[in-house]
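Subject: Structure handover

Hello,

Here is the structure I promised you. Please open it next to this email and follow along as you read.

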Amino acid sequence: MSAAMVDLKAVHKSFGSLEVLRGVDLQVGAGEVTVIIGPSGSGKSTLLRTVNHLEKVDSGSVTVDGELVGYRRAGDRLYELSEREILRQRTRIGFVFQSFNLFPHLTVRQNVTEAPTSAQRRPKAEVEALAVRLLERVGLSDKIDAYPRQLSGGQQQRVAIARALALEPKVILFDEPTSALDPELVGEVLDVVKDLAVSGTTMIVVTHEIGFAREVADTVVFMDEGRIVERGTPAQVLDAPRHERTRLFLSKVL
Ligand code: ADP
Ligand code: MG
């Protein structure tokens, strides 16, 4: 695939003597949704974090929309980008965490407008109008001037998604976006993610929500012990897994 929006090649990452990513190759095409499943500790979060250089790879490469992440190539050498360049790069890679990570002292509106105005230096009026549209899209028009502490977990996570969208990212990474939510709030967040999928947003979603994966994923990837064990359509991986480890994992989460 030449036009992959996200392209990981032979990515290795260790923490001390623990090899957490053992040669991961992953391509996500523009407009595609890849869902990553796998046991706790298999390297899913670390993999997502390499995509925006929150973790530096030890070897291999990460490319987003044709741009090498975290490094500049000069001849056959690689030089790490400056902190400032890394921050610029990160503004085009949305990240939605399990724990929402909203700014507690800012209103919902300010949470959404902060980065586009300060990091991207876009005109305030344009960003304000965008925030209104995005908060409407995630069903939170009535909470626009509330503070995060006044919202439910599901509402906070929807604000976090609107905040990611405001940066007009090339790709949005979701790391277990519903794991911290009470069960009755999971659906409202997954509905927003589904809406993004339908509208062609490129996404990588780590989740244990197998029903969601079946419905939304173009590709499901099963990871174990730092490797991609198998990948395919939801029907292939979820309904007819070829590997025993995948079967065992699915038998525990389904
Ligand atoms: P997953 O998201 O699949 O549960 P992680 O990527 O969070 O897995 O972690 C994979 C392994 O790497 C785990 O054994 C974890 O303890 C370890 N790990 C993750 N981050 C660090 C870190 N910053 N320092 C040391 N070990 C880490
Ligand atoms: Mg994780």
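Start with Val11, which stands opposite Val24 in β2. This is a predicted model, so treat every position as computed. Strand β1 covers residues 4-15, and nine bridges join it to β2. The two strands run antiparallel. Find Val6 next: its bridge partner in β2 is Val28. The hairpin of β1 and β2 has two residues between the strands. There, Gly16 takes a positive phi near 60 degrees.

What does β1 pair with besides β2? β1 also pairs with β4, in the antiparallel sense, over five bridges. Val6 turns up again here, standing opposite Val64 in β4. Val6 thus has Val28 as a partner in β2 and Val64 opposite it in β4.

Now step back to the whole sheet. It is open, has four strands and follows the order β2-β1-β4-β5. The pairing is antiparallel. Which strands form the edges? They are β2 (18-29) and β5 (67-68), each of which pairs on one side only. While you are looking at this sheet, remember a general point. In a regular strand the side chains alternate between the two faces of the sheet.

Helix α1 (residues 44-51) lies across β1, β2 and β4 (59-64). The helix runs at about 120 degrees to β1.

Look at the loop between β4 and β5, where you will find Asp65. Asp65 is not a glycine, yet it has a positive phi of about 50 degrees. Is Asp65 buried, partly exposed or exposed? Its relative accessible area is 41%, so it is partly exposed.

On to the other sheet.

This open sheet has six strands, in the order β8-β9-β10-β3-β11-β12. Its pairing is mixed. The edge strands are β8 (93-96) and β12 (227-232), and each pairs on one side only. On average, neighbouring strands of this sheet are turned by 20 degrees against each other, direction ignored.

You can see both senses of pairing here. Strand β9 (residues 171-175) and strand β10 (residues 203-206) pair in the parallel sense, over four bridges. Phe174 has Val205 as its bridge partner in β10. Strand β11 (residues 219-224) pairs with β12 in the antiparallel sense, over five bridges. There, Val220 has Gly232 of β12 as its bridge partner. The hairpin of β11 and β12 has two residues between the strands, and Glu225 takes a positive phi near 50 degrees in it.

Follow the chain from β9 towards α6. Glu176 is found in the loop between them. Glu176 has a positive phi of about 45 degrees, although it is not a glycine. Its relative accessibility is 15%, so Glu176 counts as buried. The cut-off for buried is under 20%.

Helix α6 (residues 183-198) deserves a careful look. How far should its 16 residues reach at 1.5 Å a residue? They should span 22 Å, and the end C-alpha atoms are 24 Å apart, which agrees.

Which residues of α6 are buried? They are Leu185, Val186, Val189, Leu190, Val192, Val193, Leu196 and Ala197. These residues cover an arc of only 155 degrees around the axis, so they sit on the same side of α6. The face turned away from that buried side carries the exposed residues Glu184 and Val198. The buried residues pack against β3 (33-37), α4 (124-137), α5 (153-166), β9, β10 and α7 (210-216). Just after α6, Gly200 takes a positive phi of about 90 degrees.

One more residue to find: Glu128, in helix α4. Glu128 has a relative accessible area of 22%, so it is partly exposed. Leaving aside residues up to four places away in sequence, Glu128 touches Arg109 and Thr113. Compare its place with that of Val64. The two are 64 residues apart along the chain, and their C-alpha atoms are separated by 27 Å.

Last, the record. UniProt lists residues 6-250 as "domain: ABC transporter", in an unreviewed entry. In the model, this span is 37% helix and 28% strand. Its end C-alpha atoms lie 26 Å apart.

Best wishes

Terms used:
Residues are numbered from 1 along each chain as its sequence is written. Chains are lettered from A and ligands numbered from 1 in the order in which they are written. This is a predicted model: local features need pLDDT of at least 70, side-chain atom pairs count only at pLDDT 80 or more; totals for chains, interfaces and linings use all residues. Side-chain values use heavy atoms; hydrogens and water are left out. Two strands pair if DSSP finds at least two bridges between them. Axes are lines fitted to C-alpha atoms, for helices over the stretch in contact, and angles run from 0 to 180 degrees between N-to-C directions. UniProt positions are given in the numbering used here, feature names are shortened, and annotations may be inferred rather than shown by experiment. The expected span of a helix is 1.5 Å times one less than its number of residues. Buried means under 20% relative accessible area, exposed over 50%, partly exposed in between (1.4 Å probe, protein chains only). The arc is that of the directions from the helix axis to the C-beta atoms. Contact means heavy atoms within 4.5 Å.
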